[in-house]
Amino acid sequence: MPVQPLPCSPGGGSNPPGESCCSPSITSTSLCQADGSPVLLMVRSPCVCGTDPAGAPEVIGWIDPTTGQFTAGPLPAGAGPCPDAGDCDPVPMCPQLLGITGPETWTIPDGTESVSVTVACGPVTVTDCAGNSTVITECGAAFSWAAPGTPCSPGVLCGALAVDIPDGATAYIQWSAPCEGDES
């Protein structure tokens with residue numbers, strides 16, 4: 001990746017005027033971690049003064065664009081160019097819809113990418129991926145969860161998501177998961 005130093009102005013702004021210098025420039029390049037999640041590689045070019053040749057750029061860290069967090073130092077192990085969507089076959093996803101009247105507990109199927117729960121008649125208890133339980137009493141309330149995927153594979157929600165529907169309650173659950181078998 002070529003990094004060009006910023007152009008120098010005569011005198012370089014130094015006092016007293018002398019050799020012209022420029023400040024370091026910083027650039028970023030999009031890469032992917034081994035799991036396909038994106039990272040921004042941050043590279044800095046050194047200061048250049050006068051007719052000195054431009055120095056080699058150095059990696060100063062990386063940014064996780066999903067959180068905005070900067071991490072100083074080298075990229076995570078396995079990071080590199082992102083896969084091209086043309087280099088893989090997308091995983092076919094199949095939407096599912098289920099209406100449940102209690103008493104019953106629905107647990108998330110393996111490989112589920114997204115879930116939406118609509119409470120028709122409460123109370124309904126939803127336990128999220130962190131193990132936190134929330135009782136929903138308002139009829140018509142809806143909640144959704146989705147896991148980000150990569151160009152070559154869908155995201156996967158945790159396996160702990162569950163919906164407990166007691167006697168007299170009703171909920172509609174819609175989810176998307178990889179299709180089983182040939183769905184073409």
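**Reading disulfides, cores and charges in a predicted fold**

Author: The disulfide of Cys94 and Cys179 is right-handed, because the torsion about its S-S bond is about 110°. This pair ties together parts that are 85 residues apart in sequence, since Cys94 lies in strand E7 and Cys179 in the segment after strand E14 (170–178). The sulfur atoms of Cys94 and Cys179 are 1.7 Å apart. These values come from a predicted model.

Reader: Are Cys94 and Cys179 buried or exposed?

Author: A residue counts as buried under 20% relative accessible area and as exposed over 50%. Cys94 and Cys179 are both buried.

Reader: How many disulfides does the count come to?

Author: The cut-off is a sulfur-to-sulfur distance within 2.5 Å. By this rule there are 3 disulfides. One of them joins Cys32 to Cys82, with an S to S distance of 2.0 Å. The link of Cys32 and Cys82 is right-handed, with 100° about the S-S bond. It connects distant parts of the chain, 50 residues apart: Cys32 is in strand E2 (residues 26–32), while Cys82 is in the loop between strand E6 (69–72) and strand E7 (93–101). Cys32 is buried because its relative accessible area is 6%, whereas Cys82, with 35%, is partly exposed.

Reader: Which handedness has the disulfide of Cys129 and Cys158?

Author: The sign of the torsion about the S-S bond is the thing to read here. For Cys129 and Cys158 the torsion is about -95°, so this disulfide is left-handed. Its S to S distance is 1.9 Å. The pair again links distant parts of the chain, 29 residues apart: Cys129 sits in the loop between strand E10 (124–127) and strand E11 (133–136), and Cys158 in the loop between strand E12 (142–146) and strand E13 (162–165). Cys129 is partly exposed, at a relative accessible area of 39%, and Cys158 is partly exposed at 23%.

Reader: Why is the sulfur of Cys139 not in a bond with that of Cys121?

Author: The distance decides. The closest cysteine sulfur to that of Cys139 is in Cys121, 4.5 Å away, which is too far for a bond. Cys121 is therefore left outside the disulfides, given that a pair must lie within 2.5 Å. The relative accessible area is 32% for Cys121, so this residue is partly exposed; for Cys139 the value is 46%, again partly exposed.

Reader: Which residues have the most contacts inside the largest nonpolar core?

Author: In soluble globular proteins, nonpolar side chains tend to be buried together. Here the largest nonpolar core has 20 residues, and those with the most contacts inside it are Trp106, Val115, Val124, Val163, Ile165 and Ile173. Strands E9 (114–121), E10, E13 and E14 each give two or more residues to this core. E14 contributes the most, with 4 residues. Beyond its neighbours within four places in sequence, Trp106 is in contact with Leu98, Ile100, Val115, Leu161, Ala162, Val163, Ile173 and Trp175. Another core, of 5 residues, lies apart from the largest one and includes Leu31, Val39, Leu41 and Trp62.

Reader: In which strand is the place of Ser176?

Author: Ser176 belongs to strand E14. It is buried, because its relative accessible area is 18% and the cut-off is under 20%. Leaving aside neighbours within four places in sequence, the contacts of Ser176 are with Met93, Cys94, Pro95, Thr112, Glu113 and Ser114.

Reader: Where do the side chains of Glu58 and Arg44 meet, in terms of strands?

Author: Side chains of opposite charge can pair when their charged atoms come close. The count comes to 1 salt bridge. In it, the side chains of Glu58 and Arg44 meet at 3.0 Å, N to O. Glu58 lies in strand E5 (residues 58–64) and Arg44 in strand E3 (residues 38–44), so the pair ties together parts that are 14 residues apart in sequence. Glu58 is partly exposed, with a relative accessible area of 41%, and Arg44 is partly exposed at 31%.

Reader: What is the mean pLDDT of the protein chain?

Author: Where pLDDT is low, the predicted coordinates should not be read in detail. The mean for the protein chain is 81, and 82% of its residues reach 70 or more. Among the elements, strand E1 (residues 21–22) has the lowest mean pLDDT, 66, and E13 the highest, 95. Over residues 11–15 the pLDDT is below 50, and this stretch has 7 contacts in the model beyond near neighbours in sequence.

Methods: Residues are numbered from 1 along each chain as its sequence is written. This is a predicted model: local features need pLDDT of at least 70, side-chain atom pairs count only at pLDDT 80 or more; totals for chains, interfaces and linings use all residues. Side-chain values use heavy atoms; hydrogens and water are left out. Buried means under 20% relative accessible area, exposed over 50%, partly exposed in between (1.4 Å probe, protein chains only). pLDDT is the predictor's confidence in each residue, from 0 to 100. Contact means heavy atoms within 4.5 Å. A nonpolar core is a set of buried Ala, Val, Leu, Ile, Met, Phe, Trp, Tyr and Cys residues joined through side-chain atoms within 4.5 Å. A salt bridge is a side-chain nitrogen of Lys or Arg within 4 Å of a carboxyl oxygen of Asp or Glu.
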